[in-house]
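Please open the structure in your viewer and keep the sequence beside it. The tour below proposes one selection at a time and explains what is found there.

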Amino acid sequence: MDISLIMKVAGIGMIVTVVCQILNKAGRDEQATLVSLTGIVVVLILLIGEIGTLFSTIREVFGI
């Protein structure tokens with residue numbers, strides 16, 4: 001696992017938080033919800049490779 005992946009996830013989290021707060025203050029709650037869901041999807045896409053590596057390692061360790 002690389003530190004750049006952690007920084008990317010943290011950066012996306014901060015951007016999504018700021019945008020959601022701005023949209024909530026402007027009374028656009030629906031758009032804020034969509035932004036937060038989009039942020040979650042983007043982070044999951046970034047992490048999917050690492051999750052695959054994790055499952056491969058678990059299979060090797062337990063011999064499944």
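Which residues are buried in α1? Select Leu5, Val16, Cys20 and Leu23, for these are buried in that helix. Please bear in mind throughout that the model is predicted.

**First stop: helix α1**

Display residues 3-25, which make up α1. The 23 residues of this helix should span 33 Å at 1.5 Å a residue, and because its end C-alpha atoms are 33 Å apart, the two values agree. Next, look at what lies against the helix: the buried residues of α1 pack against α2. Then move just past the end of α1 and select Gly27, which takes a positive phi of about 85°.

**Second stop: Leu5**

Return to α1 and select Leu5, which has its place in this helix. Is Leu5 buried or exposed? Its relative accessible area is 10%, under the 20% cut-off for a buried residue, and Leu5 is therefore counted as buried. Show the surroundings of this side chain: leaving out residues up to four places away in sequence, Leu5 touches Leu46, Leu47 and Glu50. For a distance within the chain, draw a line from the C-alpha of Leu5 to that of Val19; the two residues are 14 apart in sequence and 21 Å apart in space.

**Third stop: helix α2**

Now select residues 29-62, which form α2. This helix has 34 residues, and from its first C-alpha to its last it reaches 46 Å, close to the 50 Å expected at 1.5 Å a residue. Where does α2 bend? Centre the view on Leu47, where the helix bends by about 40°. Leu47 was met at the previous stop, as one of the residues that Leu5 touches.

Colour Ala32, Gly39 and Val43 next, since these residues are buried in α2. What covers the buried residues of this helix includes α1.

**Fourth stop: Gly39**

Select Gly39 in α2. Its relative accessibility is 8%, so Gly39 counts as buried. Which residues does Gly39 contact, leaving aside its neighbours within four places in sequence? They are Ile12 and Val16; Val16 is one of the buried residues of α1. Add Val9 to the selection: Gly39 and Val9 are 30 residues apart in sequence, yet their C-alpha atoms are 9.4 Å apart in space.

**Fifth stop: Glu30**

Stay in α2 and select Glu30. At 57% relative accessibility, Glu30 counts as exposed, because the cut-off for exposed is over 50%. Draw a line from the C-alpha of Glu30 to that of Cys20; these residues are 10 apart along the chain, and the separation is 9.9 Å.

**Last stop: a nonpolar patch**

Finally, switch to a surface display and select Ile51, Leu54, Phe55, Ile58, Val61, Phe62 and Ile64. Together they form a nonpolar patch on the surface, with about 750 Å² of accessible area. Single out Ile51, which lies in α2: its relative accessibility is 37%, and it therefore counts as partly exposed. End the tour just after α2, at Gly63, where phi is positive at about 65°.

Notes:
Residues are numbered from 1 along each chain as its sequence is written. This is a predicted model: local features need pLDDT of at least 70, side-chain atom pairs count only at pLDDT 80 or more; totals for chains, interfaces and linings use all residues. Side-chain values use heavy atoms; hydrogens and water are left out. Helices (H or I, at least four residues) and strands (E, at least two) are DSSP runs, numbered from the N terminus. Buried means under 20% relative accessible area, exposed over 50%, partly exposed in between (1.4 Å probe, protein chains only). Contact means heavy atoms within 4.5 Å. The expected span of a helix is 1.5 Å times one less than its number of residues. The bend at a residue is the angle between axes fitted to the seven residues ending there and the seven starting there. Patches are made of residues with over 30% relative accessible area and no salt bridge: like charges are joined within 9 Å, nonpolar side chains (Val, Leu, Ile, Met, Phe, Trp, Tyr) within 5 Å. Accessible areas come from the Shrake-Rupley method with a 1.4 Å probe; for residues, only the protein chains shown count as cover. A salt bridge is a side-chain nitrogen of Lys or Arg within 4 Å of a carboxyl oxygen of Asp or Glu.
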